[in-house]
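I am opening a fresh notebook page for a structure that is new to me. I will look things up one at a time and jot down what I find.

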Amino acid sequence: MERPQAQPRSAYAHFQPITTRWMDNDVYGHVNNVTYYSYFDTAVNRYLIEAGVLDIHAGEVIGLVIETHCNYFAPLAFPKNVEAGIRVAHIGKSSVRYEIGLFEEGEASAAACGHFVHVYVDRVTRRPVPLPQAFVVALRALQLPA
């Protein structure tokens, strides 16, 4: 198995700013590992809301996380700002694999790289549904050329 490597900014299609908070730091003086997953979720969902395809309060379709992973390369800490790079690695019938790199503001290499998979489901039944066309368009904007 090849050792994971920090990704450069050029590996991502879009960036979302994230402000660290005092409570993000743990007793060791850096952002706690579980907070990175919150940053992943925040960056992706903010993009989808701003793209006009996700209505978290009344939309018929919502995303449920079914898989997550993160590799850590350098610490992040409050009060530094974070820039979350996002790309879409795969668009399925009802699922999407998002890949995220977390960068300290201005840094060339990611402090952490990870992914999560959303399965999009009907809000009421929680059963998978095909991705709406508007979602697909917004997701394709996050794909990098092969």
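**Entry 1: Tyr72**

I started with Tyr72, which counts as partly exposed because its relative accessibility is 38%; buried means under 20% relative accessible area, exposed over 50%, and partly exposed in between, with a 1.4 Å probe and protein chains only. Before going on, I noted that this is a predicted model, where local features need pLDDT of at least 70, side-chain atom pairs count only at pLDDT 80 or more, and totals for chains, interfaces and linings use all residues. I also noted that residues are numbered from 1 along each chain as its sequence is written, and that side-chain values use heavy atoms, with hydrogens and water left out.

I found Tyr72 in strand S2. Helices (H or I, at least four residues) and strands (E, at least two) are DSSP runs, numbered from the N terminus. Which residues is Tyr72 in contact with, leaving aside neighbours within four places in sequence? I listed Asn33, Tyr36, Tyr37, Ala111 and Ala112, where contact means heavy atoms within 4.5 Å. I also looked up Phe15: Tyr72 and Phe15 are 57 residues apart in sequence, and their C-alpha atoms are 19 Å apart in space.

**Entry 2: the whole chain**

Next I stepped back to the full chain. I counted two helices and five strands, and reading along the sequence gave me the pattern β-α-β-β-β-β-α. The radius of gyration is 15 Å, close to the 15 Å from the globule rule for 146 residues, so the chain is as compact as a globular protein of that length. For my own reference, the radius is taken over C-alpha atoms, and the rule is 2.2 Å times the number of residues to the power 0.38. I wrote down the span of the C-alpha trace along its principal axes as about 45 × 35 × 30 Å.

How many of the 146 residues count as buried? I noted 40%. I then looked at contacts between residues at least 6 apart in sequence, and 71% of them join residues at least 24 apart.

For the charges, I found 12 positive and 14 negative side chains, with the centres of the two sets 5 Å apart. Here Lys and Arg count as positive and Asp and Glu as negative, while His and the chain ends are not counted. Each charge is placed at NZ of Lys, CZ of Arg, CG of Asp or CD of Glu.

**Entry 3: Phe40**

I moved to helix H1, where I found Phe40. Is Phe40 buried or exposed? It counts as buried, because its relative accessibility is 0%. Not counting residues up to four places away in sequence, I saw that Phe40 touches His69, Cys70, Ile100, Leu102, Cys113, Gly114, His115 and Phe116. Cys70 is 30 residues from Phe40 along the chain, and their C-alpha atoms are separated by 9.7 Å.

**Entry 4: the two sides of H2**

In helix H2, residues 133–140, I marked Phe135, Val136, Ala138 and Leu139 as buried. These residues cover an arc of only 165 degrees around the axis, which puts them on the same side of H2; the arc is that of the directions from the helix axis to the C-beta atoms. On the other side of H2, I marked Gln133, Val137 and Arg140 as exposed. What covers the buried residues of H2? My list includes helix H1 (33–50) and strands S3 (81–91), S4 (95–104) and S5 (112–122).

Just past the helix, I placed Ala141 in the segment after H2. Leaving aside neighbours within four places in sequence, Ala141 is in contact with Ala13 and Tyr47. The C-alpha atoms of Ala141 and Val88 are separated by 8.5 Å, with their places 53 residues apart along the chain.

**Entry 5: loops**

I checked the loop between S2 (61–72) and S3, which is the place of Pro79. The peptide bond from Phe78 to Pro79 is cis, with omega near 15 degrees.

In the loop between S5 and H2, I found Arg126. Its phi is near 65 degrees, a positive value in a residue other than glycine. Arg126 counts as partly exposed, at 43% relative accessibility.

Pro128 also has its place in the loop between S5 and H2, and I noted it as partly exposed, with a relative accessible area of 46%. Not counting residues up to four places away in sequence, Pro128 touches Ser94, Val119, Tyr120 and Val121. Lastly, I paired Pro128 with Leu64: they are 64 residues apart along the chain, and their C-alpha atoms are separated by 9.5 Å.
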